[in-house]
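This report describes a protein chain from its coordinates. Please keep the sequence and the model in view while reading.

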Amino acid sequence: MARLAGVSQKTVSRVFNNETNVSAETRDRVLTAARRLGYRPNGAARALLTGRTHRIGVVSLGTAHFGPSSLLVALERAARRIDYSLTIANSFEEDVTGLVQAADNLLAQGVDAIILSEPVDDGEEALRVDVPVLTLGAAPAVHAPTVLSVQAAEGGDAAAEVTEYLLRLGHRTVHHIAGPQRWWAARERLQNWRKTLIAAGADVPAAVEGDWTAGRGYEIGTALARDPDVTAIFAANDEMAVGAIHALHEAGRSVPGEVSVVGFDDIPVAAHVWPPLTTVSSDNAELATVGLTYLVDFLNNPDSPPAPPPRHVHRLVIRASTSRPSSRPEGGDTGT
């Protein structure tokens, strides 16, 4: 293989050990030669030689919701590009020991590190593991040799940006359909929505907790539609936002004429509902690439202090479900 690629045996070894001191052109030549020869590295032999399996464990929620499932697919694709394999262990929202059990299952398979993807709160007991951990977003307390994290960009927190955007449009306040509060991501969105309203001197309505589904968004939207003072709604995900829009339409409240609605995730259908949904796009392919690169760089240089954590940037996608509030008499009289 070294002869076919025109490189030394040591360079071949560097490529298959995923070392960083190899140019992209040389790496491509070696991998092309390997494919022509039908070569596949022996993972067990490499693990014995290097003490590493090149396998990363991912604790993910056993759910079909868009955010967690799309992030899992993105992580798998990103791992393949850098010659790592992923081992997935699901935790389940209703199981308060799910996170610990999932991590134990991964450790038993000899993973080099663990990624916590969309974790939920399993109570006060900290997660204890003996390999490095990468958390994607907010996460529970973790005791590990090294804990790395990738979070939204400083000053650009998505929930705060949504709330500020709706206030800038002229809405006096923003109502929130929250995600289930065992989810750390849902807590973070609620907390930043509330902090932004307080900082702006706006009223802080009581948030209503949903379950990520369009059905629950519809139920909450039905109640909000009866309140003429509701002119702006921020839902913690797109499915609940779509359910709320359905309820508002049924109640005769036009969107965005009377009520602006914003979601979160930018699911594929968000641009095609009516009206097209203003939402937050979190590029999971970019998040997976940023997170895995950060983790693997550390695994390749464990004796060096971890680099400063990278930032993952969300993007507010403005569509037709939001507008300035319509003029109406003081006190919310709709004239009906």
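In which helix do Arg 80 and Glu 76 both lie, and how many residues apart are they?

## A salt bridge in helix H5

Both residues belong to helix H5, which covers residues 66-81. Arg 80 and Glu 76 are four residues apart there, about one turn of the helix. They form a salt bridge in this predicted model, with the closest N and O atoms 3.0 Å apart. Arg 80 is exposed, at a relative accessible area of 62%, whereas Glu 76 counts as partly exposed at 28%.

## Helix H5 and its surroundings

The length of H5 agrees with expectation: its 16 residues should span 22 Å at 1.5 Å a residue, and the end C-alpha atoms are 23 Å apart. After the helix comes Asp 83, which has a positive phi near 65°.

Several residues of H5 are buried: Gly 67, Pro 68, Ser 70, Leu 71, Ala 74, Leu 75, Ala 78 and Ala 79. The elements that cover these buried residues include four strands, namely E1 (55-61), E2 (85-91), E3 (113-117) and E5 (133-136). Helix H11 (284-300) is also part of that cover.

## The chain as a whole

The chain has 336 residues, of which 49% are buried. Its secondary structure comes to 11 helices and 14 strands. The accessible surface is about 16100 Å², and carbon and sulfur atoms account for 52% of that surface.

Contacts in the chain can also be sorted by separation in sequence. Of those between residues at least 6 apart, 69% join residues that are at least 24 apart.

## The parallel sheet

Strands E9, E8, E10 and E11 form an open sheet in the order E9-E8-E10-E11, and the pairing is parallel. Strand E9 (208-209) and strand E11 (260-262) are the edge strands, each pairing on one side only. Strands of a sheet pair through backbone hydrogen bonds, either parallel or antiparallel.

Strand E8 takes in residues 175-178, and strand E10 takes in residues 232-235. These two strands pair in the parallel sense over three bridges. His 175 has Ile 233 in E10 as its bridge partner, and Ile 177 stands opposite Ala 235 in E10. The pairing of E8 with E9 is also in the parallel sense, over two bridges. On that side, Ala 178 stands opposite Glu 209 in E9.

## Side chains of E8 and the helix across the sheet

Which residues of E8 point one way and which the other? His 175 and Ile 177 point one way, and His 176 and Ala 178 point the other way. In a regular strand the side chains alternate between the two faces of the sheet. All four of these E8 residues, His 175, His 176, Ile 177 and Ala 178, are buried.

Helix H10 (residues 238-250) lies across E8, E10 and E11. The helix runs at about 160° to E11.

## Other salt bridges

How many salt bridges does the structure hold? There are five, among them the Arg 80 and Glu 76 pair in H5 described above.

Another of these joins Glu 219 and Arg 216, with the closest N and O atoms 3.1 Å apart. The two residues are three apart in helix H9 (residues 214-225), so about one helical turn separates them. Glu 219 is partly exposed at 48% relative accessibility, and Arg 216 is partly exposed as well, with a relative accessible area of 27%.

A salt bridge also links Glu 258 and Arg 253, where the closest N and O atoms are 3.0 Å apart. Is Arg 253 buried or exposed? Arg 253 has a relative accessible area of 8% and therefore counts as buried. Glu 258, at 25% relative accessibility, is partly exposed.

## Thr 146 in a loop

Thr 146 is found in the loop between strand E6 (142-143) and strand E7 (147-152). With a relative accessible area of 15%, Thr 146 is buried, because that value is under 20%. Leaving aside residues up to four places away in sequence, Thr 146 touches Pro 132, Val 133, Phe 298 and Pro 306.

Technical notes: Residues are numbered from 1 along each chain as its sequence is written. This is a predicted model: local features need pLDDT of at least 70, side-chain atom pairs count only at pLDDT 80 or more; totals for chains, interfaces and linings use all residues. Side-chain values use heavy atoms; hydrogens and water are left out. Two strands pair if DSSP finds at least two bridges between them. Contact means heavy atoms within 4.5 Å. Axes are lines fitted to C-alpha atoms, for helices over the stretch in contact, and angles run from 0 to 180 degrees between N-to-C directions. Buried means under 20% relative accessible area, exposed over 50%, partly exposed in between (1.4 Å probe, protein chains only). Accessible areas come from the Shrake-Rupley method with a 1.4 Å probe; for residues, only the protein chains shown count as cover. A salt bridge is a side-chain nitrogen of Lys or Arg within 4 Å of a carboxyl oxygen of Asp or Glu. The expected span of a helix is 1.5 Å times one less than its number of residues.
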